[in-house]
Amino acid sequence: MVTCVMYNLKMSETHPSTICVLASRFKDSFKDLIEVLTSPLPDESLEEYIEEYARTDEIMPDDKTIGFVIINKDKKVASLNFNEKGTDDSEIQKILEKYKEMGYKTELVYS
């Protein structure tokens, strides 16, 4: 079984991108997304980001999605919703602070 986090990424005028990121790579991917959002070439940066973090293997029936991340650059929203809490979310909170410093409305919900 593979656990992953689903991202819905909306940059400027492009169609939203939805990618699956392995849960083990979530914190790095969420932190590195800041570089995409601040890039002078966000669409090109997003392509590189997707190549780096999007899961490429076949999705199987026993795979499990443990959370969803919604990023909207124009509306400056970063929303995270997880169905299980990790052992320590202080690192996620630190990353969310960086989003807040950029003017993003942020939320972290465990449902």
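# A tour from a buried salt bridge outward

Select D63 and R55: the two form a salt bridge, with the closest N and O atoms 2.7 Å apart. A salt bridge here is a side-chain nitrogen of Lys or Arg within 4 Å of a carboxyl oxygen of Asp or Glu. Both D63 and R55 are buried. Buried means under 20% relative accessible area, exposed over 50%, and partly exposed in between (1.4 Å probe, protein chains only). Now add D57 to the selection: salt bridges that share partners join R55, D57 and D63 into one network.

Before going on, note that this is a predicted model, in which local features need pLDDT of at least 70 and side-chain atom pairs count only at pLDDT 80 or more, while totals for chains, interfaces and linings use all residues. Residues are numbered from 1 along each chain as its sequence is written, and side-chain values use heavy atoms, with hydrogens and water left out.

**The whole chain**

Zoom out and show the chain as a cartoon. Three helices and five strands should appear. Helices (H or I, at least four residues) and strands (E, at least two) are DSSP runs, numbered from the N terminus. Along the sequence their order is β-β-α-α-β-β-α-β. The radius of gyration is 13 Å, close to the 13 Å that the globule rule gives for 111 residues, so the chain is as compact as a globular protein of that length. That radius is taken over C-alpha atoms, and the globule rule is 2.2 Å times the number of residues to the power 0.38. Along the principal axes, the C-alpha atoms fill a box of roughly 40 × 30 × 20 Å. Of the 111 residues, 38% count as buried.

**Two more salt bridges**

The structure holds five salt bridges. Select R25 and E52, whose side chains meet in one of them at 3.1 Å, N to O. R25 is in the loop between β2 (17-22) and α1 (26-38), and E52 is in helix α2 (residues 42-53), so this pair links distant parts of the chain, 27 residues apart. R25 is partly exposed, with a relative accessible area of 28%; E52 is also partly exposed, at 46%.

Next select K27 and E91, a salt bridge with its closest N and O atoms 4.0 Å apart. Because K27 lies in helix α1 and E91 in helix α3 (residues 90-101), the pair ties together parts that are 64 residues apart in sequence. K27 counts as partly exposed at 28% relative accessibility, and E91 counts as partly exposed at 40%.

**The negative patch**

Show the surface and select E13, D43, E44, E47, E48, E51 and D74, which form a negative surface patch. Patches are made of residues with over 30% relative accessible area and no salt bridge; like charges are joined within 9 Å, nonpolar side chains (Val, Leu, Ile, Met, Phe, Trp, Tyr) within 5 Å. D74 is in the loop between β3 (64-72) and β4 (77-82) and counts as exposed at 55% relative accessibility.

**Last stops**

Stay in the loop between β3 and β4 and select K76. K76 has a positive phi of about 55 degrees, although K76 is not a glycine. Most residues other than glycine have a negative phi. At 36% relative accessibility, K76 counts as partly exposed.

Finally, select E107 in strand β5 (residues 105-110). E107 counts as partly exposed at 40% relative accessibility. Add V77: E107 and V77 are 30 residues apart in sequence and 8.5 Å apart in space, C-alpha to C-alpha.

Note on methods: Areas by Shrake-Rupley, 256 points an atom, 1.4 Å probe, with all protein chains shown as cover. Lys, Arg positive; Asp, Glu negative; His and termini not counted. Charge placed at Lys NZ, Arg CZ, Asp CG, Glu CD.
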